[in-house]
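Colleague: I am new to this structure and would like a close look at a single part of it, the aromatic rings and their surroundings. Could you take me through that part in one connected account?

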Amino acid sequence: MLRPVAQLIDDYRIWHKVTFQRGRILTTRGRDWEAFDRRELFDDPRLFYGDGRTVPAVVVRHARSTPLAEISRFSFPALHPIERYPYAETNRASGILYRPRAARDGPAVVLSHGWAHDETRAIELLFVEPLLQAGLTVALVEHPFHFRRAPAGTYSGELMVSGDVVLTVEAFRQGVADLSGVASWLMDQGMRTGVLGYSLGGYMAALLACLRDDLAFVVVGAAGASVVSPILDTGLGVNVREDLSRSGMDHRESLERAWGIISPARLAPRVSGDRILLVAGSFDRIMLAESVAALWRRWGRPSLLWERQGHYSLLAVPGRLIRRSIPFILSW
């Protein structure tokens, strides 16, 4: 895709999100975030996120059948409940399991979606259906504060990244624990399992790679070294920057310290490098190329595919991310 077209799409989507999804103003109070900025957590993030091996008490309910798959909804008590905030809805993890009718001996995919999705149809068209056509089982995990987990009066994803740096870390912590719990659940059923994440979900997939070495593969799409970058360095972060400024947390040094434990380049992957694939858009206006390159270098230069796409065109037009991901996934 031509650079001007790719960047125009990104700029329009950014304008739409920051204009029509302003959300409530949340600010950081006190210095509780300093508890996340401890050397021992970076040396072994399992001390923060958990070791990832707990198999949750999953409840499964059949939802529907399609020509491609049997589809069920699943839920379980979140492995890391957020207790200091009055948002009980997010403390029950949920998602959708897609079992292909034409199953092959391929691994299961834990699918980690992007920020502020509010309906699953686009995810199914762009990601789930191609994976099913490849014969793969897919578990779409609904992230904290998204979909059914969004508290009343909020839009899907509103509370995931905000001017409250502690709430943001707690949301990522819960989301990564959920992904790990679903991976353990699938593995407990005898399935080789890996994770594919994009955008916000790419960050969480990358964090999961730093917790456990038993993932069959890790695909990180349109995500980079630090959660700080899209907030401080791009137009997408304008509203959050404004909210962070109310508590003086809009300075890079402070925010890097507060959000270091949710920034993949600050951690080392436990998954071997040959099982990691990074896919990025060279014209991306949200996950900037220098941030992706910084993660690639920090992680020992695993496979990295650059596409001549922006952020949204990498995900959707013409399905570049998923087309590049499937051969890699099937190789495991």
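Modeller: In helix H12, which spans residues 320-330, the buried residues are Leu321, Ile322, Ser325, Ile326, Phe328 and Ile329, and what covers them includes the strands E4, E7 and E8, the helix H11, and also helix H4 and strand E6. Please keep in mind that this is a predicted model.

Helix H4 and strand E6 come up again with the aromatic rings, where the count comes to nine aromatic pairs. One of them is formed by Tyr12 and Trp15, whose rings lie 5.8 Å centre to centre with 35 degrees between the planes, an arrangement that counts as tilted. These two residues are three apart in helix H1, which covers residues 3-20, so about one helical turn separates them. This fits a general property of the α-helix, which has 3.6 residues a turn, so that residues three or four places apart point the same way. Tyr12 is partly exposed, with a relative accessible area of 46%, and Trp15 also counts as partly exposed, at 44% relative accessibility.

The pair of Phe127 and Tyr198 has ring centres 4.2 Å apart and planes at 5 degrees, and because planes under 30 degrees apart count as stacked, that is the name for this pair. Phe127 belongs to helix H4 (residues 121-133) and Tyr198 to strand E6 (residues 193-198), so this pair ties together parts that are 71 residues apart in sequence. Phe127 and Tyr198 are both buried.

Returning to helix H1, Phe20 has its place there, and with a relative accessible area of 54% this residue is exposed, because the cut-off for that word is over 50%. Together, Tyr12, Trp15 and Phe20 make a nonpolar surface patch of about 380 Å².

Elsewhere, Phe36, Phe48 and Tyr49 form one aromatic cluster, and the ring of Phe48 also has the charged end of Arg173 sitting over it, 4.0 Å from the ring centre. A further case of a charge over a ring involves Trp296, where the charged end of Arg301 sits 4.8 Å from the centre of the ring.

To draw the two pairs together, the tilted pair of Tyr12 and Trp15 lies within helix H1 and contributes to the nonpolar surface patch, whereas the stacked pair of Phe127 and Tyr198 is made of buried residues and joins helix H4 to strand E6, both of which are included in what covers the buried residues of H12.

Terms used. Residues are numbered from 1 along each chain as its sequence is written. This is a predicted model: local features need pLDDT of at least 70, side-chain atom pairs count only at pLDDT 80 or more; totals for chains, interfaces and linings use all residues. Side-chain values use heavy atoms; hydrogens and water are left out. Rings of Phe, Tyr and Trp (its six-membered ring) pair if their centres lie within 6.5 Å; planes under 30 degrees apart count as stacked, over 60 as edge-to-face and the rest as tilted. Helices (H or I, at least four residues) and strands (E, at least two) are DSSP runs, numbered from the N terminus. Buried means under 20% relative accessible area, exposed over 50%, partly exposed in between (1.4 Å probe, protein chains only). A charge sits over a ring if NZ of Lys or CZ of Arg is within 6 Å of the ring centre and within 35 degrees of the ring normal. Patches are made of residues with over 30% relative accessible area and no salt bridge: like charges are joined within 9 Å, nonpolar side chains (Val, Leu, Ile, Met, Phe, Trp, Tyr) within 5 Å. Accessible areas come from the Shrake-Rupley method with a 1.4 Å probe; for residues, only the protein chains shown count as cover. A salt bridge is a side-chain nitrogen of Lys or Arg within 4 Å of a carboxyl oxygen of Asp or Glu. Contact means heavy atoms within 4.5 Å.
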